[in-house]
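Here are some short exercises to work through with the model open beside you. Try each task before you read its solution.

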Amino acid sequence: ALATMATTSGIDDETVKNMWMTTSRSLLRLGANGVKDSHVNSLSELCQQHSIVKVKLSHPKLDAAAIAEVLGSAEHSALIDIHESGRYLLFGNDDYVETLN
């Protein structure tokens, strides 16, 4: 089962679950040093090129919710979900996410 933030993204649980299953590779990875401006810029660029972007938090001590908040400031991006493991975030192109609501 996936812990979804459907109330935040406005996307139903089944759609979010399918997004997790169809998005195989993490296009952005964050290490022990956490999130930097370069990560925010990269996410912005990735969200312009892809409908859905999976972000992997490679270090177990990283706070997924705090990182999601910082990355959420990236242009063209919208947080879709935080995986129940706390190790993955799912972002979408803001225009694409808008069409799902």
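**Exercise 1. Locate His76, then describe its backbone and its exposure.**

Step 1: His76 sits in the loop between helix 4 and strand 3; helices (H or I, at least four residues) and strands (E, at least two) are DSSP runs, numbered from the N terminus.

Step 2: Although His76 is not a glycine, its phi is positive, at about 70 degrees. Most residues other than glycine have a negative phi.

Step 3: With a relative accessible area of 31%, His76 is partly exposed. On this scale buried means under 20% relative accessible area, exposed over 50%, and partly exposed in between (1.4 Å probe, protein chains only).

A word on the basis: this is a predicted model, in which local features need pLDDT of at least 70, side-chain atom pairs count only at pLDDT 80 or more, and totals for chains, interfaces and linings use all residues. Residues are numbered from 1 along each chain as its sequence is written, and side-chain values use heavy atoms, with hydrogens and water left out.

**Exercise 2. Work out the order of helices and strands along the chain.**

Step 1: Count the elements: there are five helices and four strands.

Step 2: Follow the sequence, and the pattern reads α-α-β-α-β-α-β-β-α.

**Exercise 3. Find which residues have the most contacts inside the largest nonpolar core.**

Step 1: Set the rule: a nonpolar core is a set of buried Ala, Val, Leu, Ile, Met, Phe, Trp, Tyr and Cys residues joined through side-chain atoms within 4.5 Å.

Step 2: The largest such core has 19 residues, and Leu43, Val55, Leu57, Leu71, Leu89 and Phe91 have the most contacts inside it.

Step 3: At least two residues of this core come from each of strand 1 (26–30), helix 3 (37–49), strand 2 (52–57), helix 4 (64–71), strand 3 (77–82) and strand 4 (88–93).

Step 4: Another core, of nine residues, lies apart from it and includes Ile11, Trp20, Ile52 and Leu90.

**Exercise 4. Is Ser26 buried or exposed, and what is it in contact with?**

Step 1: Ser26 belongs to strand 1.

Step 2: Its relative accessible area is 8%, so Ser26 is buried.

Step 3: Set aside neighbours within four places in sequence, and Ser26 is in contact (heavy atoms within 4.5 Å) with Lys54, Val55, Lys56 and Tyr88.
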